[in-house]
Amino acid sequence: MKTVLLLVCLAHVFARARASAFDTTYDCDASFDFIHDISVQKEVCGSASEVLETCRGECDKKGCTAFFYQEHPNNNGCDSSPGGGSQICGFTDEKEFTKAHHGNREGSQICIRVTSSPVPSPVPPPVPSANPPPISSASLTTSAPSTLKPLMYQMKRRSSEKEMLTFDVTNMCGDFFNIKGRPGMQAKCIMYRPVLKPWLEEGKNGIYMAMEKGHEGNPHQVCVLQKLVCESTEKYTEYSPECNIAFGSCRSALRHLHEMMFNKPPSPQICNNFARKSIRGFFHDFMSNAIDGSILAEHDISMNFGLCRWAQYVNVLSDHTLCDPGSIVAMAGELGYLACGVDLFNLDSEVKPRVTLNRPFSCGPNIEQSPLFDHSTLQRREEFSDAQLATNSTAMEEFWYAANSHTHGRPDGEIEYSGESAGAAHAVGRVTCPPDGVTFSGSHQTYKKGFFHIPRGTKNDVQADYHQGIGRLGQTMCAKGQQPQPEGVRPSTPDFPLTDEETDFNAEGGLCSMPTQFLGTVRVGGTHRVPRWVEITEHSSKLWPEWSEYQSKCRSEMPMYIPLELLTISEVELPRSFALDKFQSIAWDSYDSIDSEWDSCEVGCAIPILENRVCGGTNGLSEFDWTLDYCHRGVQDDSGKICCRAGCNKCSEDHTAVGCASNVIKDSGRECISANDVECIVPGKGDGAVCKSDNDCKSGSCKGKCCNVGGVGDECKECGPLGGHCIKCEDGFVLEGLSCVGECECSDGCIDCDCGVCKACDSTKYFLEDGKCQLKYGDGKICKSSEECTSGGCLGGHCCKESIVHSCAECNSRGKCQMCLGGYTLCGHHEEEQGFCKKTVSTAITSFRCGTGGPDSDYPSSDGYNYCAMANNCPCSRPGCYMECQVQKTCWIGSIASKLTDYEPVFECKTGIDCEGNIPSMTPTKVPNKCIDKEVKFFYKKQKKRFLLKTCKWLLTKNKKQRKKICSKYVDYFSKKKKNIWSCGGHMPEIL
């Protein structure tokens, strides 16, 4: 599990802007660089000063007592690492702890937290309102009873009816947050108010696991949740009147969202299509720059197909309640997961997602600077299309590196949590429109539409449905060798044969064998990851928009904890209007189908944002009706493109009456924003929309469907429904990817073309296959020959990293060594595809235990080190603890484990030969004939003091005399089958 990232999530959970601020300093000591009693660790990246500032900030948020910073003596760090080594910080909550010096690079140190007097948190001055509504006295309570009784939580232990789990909230949380004796309602709430009582009585797994750990002396989970609920309870906050109104507006919106998604008991809960769209909308709004509601103005982006009706609803609800659209999207996403069986609030005892209310909304799109988009077309980049992400693991990791670049850089990218959350959305979701893009092989794959998973035997239990579905996706997402399923097609299996109602699209395929992400393959099914991603993402931003001048004057971020709100949601008045009632009437439409009122593949539908009162609309959207066309209340000209005002007997250029002259309206350039708008230009239909003539389309090109910019040319014959891409070319042209090219044009990279058939490619970037130039493969990709790899090395069927080709015999799906050449030893965590070849020093071995610490621990380590806290330091063939292995002396020398303590292992020579570096030389032989015939053989050719990797296919092109000459230049041949090496040059090359 990805423990190194847990702190990021936890920091968001229990440290926000409104938490009490303290003037915190640290006493740092570079004579030590390790603390034995750490509770959590975090990978970091940057200069020493940047990293120390980051770690201090994390320690402040966590309330830890001390932390250490290390730069390891290796070359595995990021580009900005001072010495190039990997960097970590570790944190402890203990008041007493053991310090140590492990000999890490300069700058490594420990820092002990020293907290002085509190610094008052800034409170925004109240802004007078023209007509503020009355505020209830409960929401403005500012004092507590004079006598506060200590608070103790109790809960029955499941394994024993008589034994109780107990937790002293007042003392444990007072110490944990260092707030004993502090003034203010928040401090009193955290220490004395039984705000968790409803969940203790409910007794679900999340609170039970927290109480178990609290009973055992670990206060973190209970205290963090106690603080979260206190921060989210109005009567324990000190908001301005404007902020109280803003909070109430979003609570009203939550009430309507809940009505749209949840059945009333005793009817069983059903995951409806509105809830599914809400999850998808949460993701897609985040993909631009933040969950800020800008998706309402981004419906011309083809990836947002199918979200038209949902976005119209969010716009109407925002107008009615005056809650900003971003907050509504965030609430809807979390509620959607919950309604479809993904219980965000009980899947993980550590993290409980919140919703941060009151977000800026600019009433327009927000994709500026986002690396996911092509800013010349304002569309998602083609390398991030659905088909690419399903078939290309490089595309998948690059997509998430780009999406999460503002919070998690390489080689993390938050892909473990992000991929799991997307998998959860798919497990309860559907494919209602054709996935876009071309596959990794360049083909246009036709996928079935349908549900990702039809539950089997779960008896209308949405949580059981979800768990079964996510388990199925995890089992079938990768092919053999941890590769993406061919062409992005999910296979039918004996356990889960594909039904007629299920799609065969394997959206998770790109999570298999990612070449640089530190886990390699992320198999979905670790459900605790979903709440962590939601908590990190719900309020993170690459670029926040400007505030609309019509939004609330409140500028405070206000946390909302949805389970707290759901306790009394029925007491909140349900918002009502003609428009909201119309949406509510279709909430459950065809919930078991892929064709409902919520489903459409059209891009660019009518979403009248500027009529929303949050954007300055005067009449609002209470009468909005999505069934009405533009110019419903006006008169159109003969072209249907100009809308004159009502009352004009005709809309034309020769009309002189005000509002009836079509040419005047056309010259104004103002587009209609809704069906009720007049004296405006009727917008054309979006790319992919159904059309009858060019005049219907915004692009001015109708070829079956409205074309996008790539399909408007004469070479395209037909455009498709998804984004208006060209799907069929005119005679004399062929479809290459998403574009039509001449039949005799050759592919990119061709340097010798014969009417569409390439004979030679630019070998620096391309290789020739079936008359076309293909881009060379990156590290870890499946290959047939070295010419296919950017590194120039294809070993064992995978492209290798360039730096290891000289020592490696076979590479794995990450481009790292899986088997070494003679004279080298495979070290590192090679069972996890993280191995490397090291020049053999000795073949002697020793037994080693990676355990929990010294001799007094439950599973003592050989060297007394706690490998459960730092599993990646274990010198075995995989990271971990509670395990024993054989470690070769070659691998031990210089390893991280060898520097952690003064332990000196005893090595034994068990091979029957000289272990200490005297590796027997290999007998020179003639070039075996087999090597000439088999592509699986390779050899090294010495040329100008370099050794070049060559294949037998290359040697076959040489005559007998040339082969003899090549062989005389210290050439070595390797046979994958027989695991033999022959030296035909008299001795081994120097590099072997």
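**Arg 157**

I looked up Arg 157 in this predicted model. Arg 157 counts as buried, because its relative accessibility is 14% and the cut-off for buried is under 20%. I then asked which residue meets the side chain of Arg 157 in a salt bridge. The partner is Glu 163, at 3.2 Å from N to O. Glu 163 has a relative accessible area of 36%, so I entered Glu 163 as partly exposed. I also noted a network of salt bridges that links Arg 157 and Glu 163 with Glu 212.

**Other salt bridges**

I searched the whole structure and found 37 salt bridges. Side chains of opposite charge can pair when their charged atoms come close.

One of the bridges I opened joins the side chains of Arg 532 and Asp 348, with an N to O distance of 2.5 Å. Where do the two residues sit along the chain? I placed Arg 532 in helix H16 (residues 529-537). Asp 348 is in the loop between helix H11 (325-339) and strand E10 (355-357). The two are 184 residues apart, and the pair links distant parts of the chain. Is Arg 532 buried or exposed? Arg 532 is buried, with a relative accessible area of 8%. Asp 348 is buried as well, at 5%.

I also checked Glu 383 and Arg 381, whose side chains meet in a salt bridge at 2.6 Å, N to O. Here I found Glu 383 partly exposed at 35% relative accessible area, and Arg 381 partly exposed at 28% relative accessibility.

**Confidence**

I read off a mean pLDDT of 83 for the protein, with 85% of its residues reaching 70 or more. Which element has the lowest mean pLDDT, and which the highest? Helix H1 (residues 6-14) has the lowest, 36, and H11 the highest, 98. H11 is one of the two elements that flank the loop of Asp 348.

I marked two stretches where pLDDT stays under 50. Over residues 1-23 it does so, and there the model has 86 contacts beyond four places in sequence. Over residues 116-146 it does so too, with 38 such contacts. Where pLDDT is low, the predicted coordinates should not be read in detail.

**Aromatic pairs**

A search of the whole structure gave me 28 aromatic pairs. For Phe 399 and Trp 400 I have ring centres 4.9 Å apart and planes at 80°, so I filed the pair as edge-to-face. Both Phe 399 and Trp 400 are buried.

The rings of Phe 583 and Phe 624 have centres 6.4 Å apart and planes at 10°, so this pair is stacked. Why does the pair tie together separate parts of the sequence? Phe 583 lies in helix H18 (residues 578-584) and Phe 624 in the loop between H18 and strand E16 (635-636), so parts 41 residues apart in sequence are tied together. Phe 583 counts as buried at 0% relative accessibility. Phe 624 is buried too, with a relative accessible area of 11%.

I also noted one aromatic cluster formed by Phe 34, Phe 68, Phe 848, Tyr 865, Tyr 867, Trp 892 and Tyr 903.

**Charges over rings**

I listed two cases. Arg 280 lies over the face of Phe 305, at 4.7 Å from the ring centre. The charged end of Lys 781 sits over the ring of Phe 440, 5.5 Å from its centre.

**Helix H14**

How far apart are the end C-alpha atoms of H14? I found 17 Å for this helix (residues 415-427). Its 13 residues should span 18 Å at 1.5 Å a residue, which agrees.

H14 is mostly covered, with 12 of its 13 residues buried. Among them I noted Ile 415, Tyr 417, Gly 419 and Ala 427. Glu 416 and Glu 420 are also on the buried list.

**Glu 43**

My last entry is Glu 43, found in strand E3 (residues 40-44). Glu 43 is partly exposed, with a relative accessible area of 36%. I looked up the C-alpha separation of Glu 43 and Ile 88 and got 4.4 Å, although the two are 45 residues apart along the chain.

How values were computed: Residues numbered from 1 in each chain as written. Heavy atoms only, no water. Salt bridge = Lys/Arg side-chain N within 4 Å of Asp/Glu carboxyl O. Buried < 20%, exposed > 50% of the residue type's maximum accessible area, 1.4 Å probe, protein only. Helix = DSSP H or I, 4+ residues; strand = E, 2+ residues; numbered from the N terminus. pLDDT = per-residue confidence, 0-100. Contact = heavy atoms within 4.5 Å. Phe/Tyr/Trp six-rings, centres within 6.5 Å; stacked < 30°, edge-to-face > 60°. Lys NZ or Arg CZ within 6 Å of the ring centre and 35° of its normal. Expected span 1.5 Å × (residues − 1).
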